[in-house]
Amino acid sequence: MKPGTVRDLKAMLAGMNPVLSERIWAFQPVSDTRFVPETAFAIIREEEGVSCILPAPAAADGTPQFAKLTLQVHSDLEGVGLTAAVAGALASSGIACNVIAGLHHDHLFVQWDRREEALALLERLSLDARR
């Protein structure tokens with residue numbers, strides 16, 4: 001376990017302190033990886049091709065729009081259960097969740113129109129873990 005990281009599930013949940021980004025995000029395919037925008041949050045390389053998570057325009061063009069929630073807890077990459085607990089809590093309310101695990105934080109992408117509800121659910125989950 002790296003110093004400063006949290007591995008215990010209850011401690012990870014208690015320390016989540018989710019933060020909601022004000023930006024709208026979209027998952028977009030990239031045909032030429034030489035031109036990945038600097039604004040890309042993440043680049044995902046799969047057998048089928050490369051995609052990025054990019055800031056999306058406010059105007060709807062049919063592309064699904066997502067909100068990014070960042071869990072502030074510095075969870076250990078070998079910690080068990082955080083993703084399952086968070087995804088389960090959101091799923092119980094019918095909120096889809098796409099998780100990107102970074103070295104320092106986990107980032108959740110949820111439907112844009114359900115962002116406030118998702119934030120409230122995560123805050124409640126964190127509060128319950130502190131009791």
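Buried here means under 20% relative accessible area, exposed means over 50%, and partly exposed is whatever falls in between. Keep that yardstick handy, because D76, with a relative accessible area of 8%, is buried by it. We'll come back to D76 after a look around the whole chain, bearing in mind that this is a predicted model.

Let's start with the overall layout. The protein chain has three helices and seven strands. Follow the sequence from the start and you meet them in the order α-β-β-β-β-β-α-β-β-α. The radius of gyration is 15 Å, close to the 14 Å that the globule rule gives for 131 residues, so the chain is as compact as a globular protein of that length. If you'd like dimensions, the C-alpha trace spans about 45 × 30 × 25 Å along its principal axes.

Now for how the chain packs. Of the 131 residues, 35% are buried. Take the contacts with a separation of 6 or more: 70% of them are between residues 24 or more positions apart. As for the outside, the accessible surface comes to about 7700 Å², and carbon and sulfur atoms account for 53% of that. The chain carries 12 positive and 16 negative charges, and the mean positions of the two sets sit 6 Å apart.

For a look at the interior, go to helix α2, which covers residues 82-91 and includes L90. L90 has a relative accessibility of 0%, so it counts as buried. What does L90 touch, once residues up to four places away in sequence are set aside? The list is I95, C97, V110, A118, L121 and L122. Pick out L121 from that group: it is 31 residues from L90 in sequence, yet the two C-alpha atoms are 7.0 Å apart in space.

K68 makes an interesting next stop. You'll find K68 in strand β5, which runs over residues 66-71. Is K68 buried or exposed? Its relative accessibility is 11%, so K68 counts as buried. Despite that, K68 has no salt bridge, and the nearest side chain of opposite charge, E22, is 12 Å away. A salt bridge here needs a side-chain nitrogen of Lys or Arg within 4 Å of a carboxyl oxygen of Asp or Glu, so a cut-off of that kind is what K68 has to meet. What K68 does have is a set of contacts beyond its neighbours up to four places away in sequence: V19, L20, S21, W25, F41, H107, L108 and F109. V30 offers another reference point, 38 residues from K68 in sequence and 20 Å away in space, C-alpha to C-alpha.

That brings us to the charges that do find partners. Side chains of opposite charge can pair when their charged atoms come close. How many salt bridges does the rule give? The count comes to five. One of them joins the side chains of D76 and R7, with an N to O distance of 3.5 Å. D76 lies in the loop between β5 and α2, while R7 sits in the segment before α1 (9-14), so this pair ties together parts that are 69 residues apart in sequence.

R7 has another partner. E78 also forms a salt bridge with R7, and here the closest N and O atoms are 3.3 Å apart. E78 lies in the loop between β5 and α2 as well, so its pairing with R7 ties together parts that are 71 residues apart in sequence. The surroundings of the three side chains vary: D76 is buried at 8%, R7 is partly exposed at 31%, and E78 counts as exposed at 58%.

Finally, look at R131 and D128. R131 forms a salt bridge with D128, with the closest N and O atoms 3.8 Å apart. R131 is exposed, with a relative accessible area of 66%, whereas D128 counts as partly exposed at 42%. Elsewhere, salt bridges that share partners join R7, D76 and E78 into one network.

Notes: Residues numbered from 1 in each chain as written. Predicted model: local features only at pLDDT ≥ 70, side-chain atom pairs only at ≥ 80, totals over all residues. Heavy atoms only, no water. Helix = DSSP H or I, 4+ residues; strand = E, 2+ residues; numbered from the N terminus. Buried < 20%, exposed > 50% of the residue type's maximum accessible area, 1.4 Å probe, protein only. Contact = heavy atoms within 4.5 Å. Rg over C-alpha atoms; globule rule 2.2 N^0.38 Å. Areas by Shrake-Rupley, 256 points an atom, 1.4 Å probe, with all protein chains shown as cover. Lys, Arg positive; Asp, Glu negative; His and termini not counted. Charge placed at Lys NZ, Arg CZ, Asp CG, Glu CD.
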